[in-house]
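I opened my notebook to record what I looked up in this structure, going from one residue to the whole chain.

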Amino acid sequence: RRGAMAYNGVGLATVRGSGTSGYVQGNKFHLRASRLQRREHRDLRDLHAKGAAPSRGPNPEILEHNRKRAVEAKLFELRDELEESGKGEGEIEEALAEARARIEEEVARGGAGAGAGETHERAARKQRENEALRKALRISGEGRVEGEAFDQELQARKRKERVEERERAEVERELKARRR
């Protein structure tokens with residue numbers, strides 16, 4: 001005689017020897033087919049109808065502010081050290097003027113204290129890297145629009161234009177060959 005199934009034919013016939021209680025749970029992560037067919041976004045055109053949001057570059061005012069703040073923070077620390085060591089006000093001002101020129105030059109070159117972990121500084125660094133890569137690969141930034149790679153109609157039109165251009169060039173080569 002065969003034991004009864006636990007629930008709608010699912011589960012163990014008997015829990016003996018299984019090391020479990022035999023309790024059957026439903027799979028809450030199972031996706032039904034209707035959930036897998038994303039009707040809202042069948043085509044990427046829906047997502048990119050308005051065009052891609054332009055990437056925002058670093059804010060130069062914030063970068064300048066952070067640069068000045070880094071200089072002033074270092075000068076404040078230096079002033080504090082000099083005051084604690086018992087230097088006179090004249091000596092302190094002289095040392096600060098000297099240090100200000102040196103620190104500003106260091107920070108202008110992109111040295112420490114230029115906000116290395118700050119968002120706008122990272123964006124500026126990324127822009128410089130992208131520009132260097134663009135130059136290395138000889139890619140011009142002219143006529144390039146962000147997100148156009150996702151516009152299927154535009155890509156099909158460009159593909160068709162390239163094919164037509166190749167065909168025209170081939171016909172011209174054949175004509176030149178016949179003339180000779």
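I looked for D80 and found that this residue belongs to helix α3, which covers residues 60–84. I kept in mind throughout that the model is a predicted one.

Next I asked whether D80 is buried, exposed or partly exposed. Its relative accessibility is 35%, so D80 counts as partly exposed, given that buried means under 20% and exposed means over 50%.

I then looked up how far D80 lies from I92, and noted that the two are 12 residues apart in sequence, while their C-alpha atoms are 9.6 Å apart in space.

I turned to helix α6, which has 28 residues, from 152 to 179, and checked its length. At 1.5 Å a residue α6 should span 40 Å, and the C-alpha atoms at its ends are 41 Å apart, so the expected span and the model agree. At the start of α6 I also noted that a side-chain oxygen of D151 comes to within 3.3 Å of the backbone nitrogen of E153.

Finally I looked at the whole protein. How many helices and strands does the protein have? I recorded six helices and zero strands, and from the N terminus on the order reads α-α-α-α-α-α.

Of the 180 residues in the protein, 10% are buried. The exposed surface comes to about 15900 Å², and carbon and sulfur atoms supply 50% of that area. Among the contacts with a separation of 6 or more, I noted that 45% are between residues 24 or more positions apart.

Methods: Residues are numbered from 1 along each chain as its sequence is written. This is a predicted model: local features need pLDDT of at least 70, side-chain atom pairs count only at pLDDT 80 or more; totals for chains, interfaces and linings use all residues. Side-chain values use heavy atoms; hydrogens and water are left out. Helices (H or I, at least four residues) and strands (E, at least two) are DSSP runs, numbered from the N terminus. Buried means under 20% relative accessible area, exposed over 50%, partly exposed in between (1.4 Å probe, protein chains only). Contact means heavy atoms within 4.5 Å. Accessible areas come from the Shrake-Rupley method with a 1.4 Å probe; for residues, only the protein chains shown count as cover. The expected span of a helix is 1.5 Å times one less than its number of residues. A polar contact is a pair of N or O atoms within 3.5 Å; within protein, one must be able to donate a hydrogen and the other to accept it, and residues adjacent in sequence count only if both atoms are side-chain atoms.
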